[in-house]
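Biologist: I have a new model open and would like to go through some of its helix packing and backbone oddities with you. Could you take me through it step by step?
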Amino acid sequence: MSRQGFITQGAITVKNRQIAYVGRKDSLPKIKAEKVIDARGKIALPGLINCHTHVAMTLFRGLAEDKPLDNWLEKSIWPLEANLTWEDVYWGTLLGCVEMIKTGTTCFADMYFYEDAVAKAVEETGLRAVLAQGVIGANVASLGKETLKQSFFFVKRFNGSANGRINAWFGPHAVYSCNVELLKEVRRLASEKNVGIQIHLAESLEHSKKVQEKHGISEIRLLEKIGFLGSDVLAAHCVFLSEEDMQLLRKYNVKVAHNPVANSKFGLAISPVKELLDRGVCVGLGTDGPASNNSLDLFESMKFTALLQKQHYEDARVMKTWEVVEVATLGGAKALKLKNVIGSLEVGKRADIILIDFDKPHLKPFHNVYANIVYSAKGSDVDTVIVDGRILMEQGELKTVDEEKVMREAEKRAFNLTTR
Ligand SMILES: [Zn+2]
């Protein structure tokens, strides 16, 4: 995608789950279509890609507010998570999947517990995902061993599942919550299975300081030292970075998932996305879990990305609108090792397409498509969603999941959790 990439009076055809034609309608070859969608007044865009979330945390939405990260995690979230069941994760994920489909996200990266419940929800709703069963164990060796074993079996069982829509990766929680031996073992297994690794990295100054005090070097430098860094590592946050850290991310082609809303909400700093992009680091966009955002709407995150970068650098020229859209689509595809599969509307790629209804007062007049997408559109303007050539939502109506039932069941479970 580029500024030149916009086609007016366009048409797209889909065959065997793939995009077969993209271009002007008047050049469309004659075909007999099984199904025709009239997209007049709408904009077709590659489905948005959420590079970092914990979808089942929809159940905790709005439950612990106005708390700093450590307090939020240790006093509110971890005690609740200790009581989570497989069914809770399943219904919480379904709720998140409904929200994602309705706001134009077609693919997401997730790391959590009971990740097989997440996989089931992905399979049923028709979304695409890169999933990781979380690995954790800083001080308790047996916990690290056990969670790594579960993670390994998850990769074996789910990588390539749901007709190829699910890729299973490893998901060590963070440098401060996994010891060096555990991280080395994750690296070894990920290379052996040829799958990627999702990890939280350089999220807060306190975590970075802890690692610095213990090891005498930064989190990223430590990961380099133990041979962990690589082009298959997707690092969420990367807020606190030195010049050397940024150079290491570039050198090893580490991918970054930028989560502007969650970072702001915890009062953390702003990730130097402009400098990362200038150095050629691949950046995708994430929401983080719906308990720390509190939304899965990537339109909102696109707007935050543009605004915060401009503010951070005190320069209105930073993060142009089309760059933001590229980060949320093709950037995400590259970050998830799916750049040949999704992320742009190109012949031969999988048909992951959204239609945004531009016939709305807040999207008039139509001077600049990218400005309208980043600054004026909302997730609720998404009208139709197609993943892998299958229609998941048409004219606002969900096709693969019972929205009412999911809302009722998820809410019941969320209330039940707080009283357990
Ligand atoms: Zn996270």
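Modeller: Gladly, and please keep in mind that this is a predicted model. A good place to begin is the pair formed by helix H12 (residues 321-335) and helix H13 (residues 369-376), which pack at an angle of about 65 degrees with their axes 8 Å apart.

Biologist: How would you describe the way H12 and H13 lie to each other, and why?
Modeller: Angles of 65 to 115 degrees count as roughly perpendicular, so H12 and H13 are roughly perpendicular to each other. Their crossing is left-handed.

Biologist: Which residues make that contact?
Modeller: From H12 there are Thr321, Trp322, Val324 and Val325, and these meet Tyr370, Ala371, Ile373 and Val374 of H13. Sorted by class, the residues in the contact of H12 with H13 are 7 nonpolar and 1 polar, with no charged ones.

Biologist: And how do H11 and H12 pack?
Modeller: Helix H11 (residues 298-312) packs with H12 at an angle of about 135 degrees, and the axes of the two are 10 Å apart. H11 and H12 are therefore oblique to each other, and the crossing is right-handed.

Biologist: What does H12 bring to the contact with H11?
Modeller: H12 contributes Thr321, Val324, Val325, Val327 and Ala328, while H11 contributes Leu298, Met302, Thr305 and Ala306. In the contact of H11 with H12, 7 residues are nonpolar, 2 are polar and none is charged.

Biologist: Changing topic, where are the cis peptide bonds you mentioned wanting to show me?
Modeller: One joins Asn293 and Asn294, with omega at about 5 degrees, and Asn294 sits in the loop between strand E11 (283-285) and H11. Another runs from Lys364 to Pro365, where omega is near -5 degrees, and Pro365 belongs to the loop between strand E12 (353-357) and H13.

Biologist: What else is odd in the backbone?
Modeller: Most residues other than glycine have a negative phi, and most peptide bonds are trans. Tyr114, however, has a positive phi of about 45 degrees although it is not a glycine, and its place is the loop between strand E5 (105-112) and helix H3 (115-125). Ala202 also has a positive phi, near 45 degrees, and is found in the loop between strand E8 (197-201) and helix H6 (205-215).

Biologist: Is Tyr114 buried or exposed, and what about Ala202?
Modeller: A residue counts as buried if 20 or more other C-beta atoms lie within 10 Å of its own. Tyr114 has 22 such atoms within 10 Å and is therefore buried, and Ala202, with 25 within 10 Å, is buried as well.

Key: Residues numbered from 1 in each chain as written. Predicted model: local features only at pLDDT ≥ 70, side-chain atom pairs only at ≥ 80, totals over all residues. Axes fitted to C-alpha atoms, helices over the stretch in contact; angles between N-to-C directions. Helix = DSSP H or I, 4+ residues; strand = E, 2+ residues; numbered from the N terminus. Parallel < 35°, antiparallel > 145°, perpendicular 65-115°, else oblique. Left-handed = near helix turned anticlockwise from the far one by under 90°. Contact = placed C-beta atoms within 7 Å. Nonpolar A, V, L, I, M, F, W, Y, C, P; charged D, E, K, R; others polar. Buried ≥ 20, exposed ≤ 12 C-beta atoms within 10 Å, placed from the backbone.
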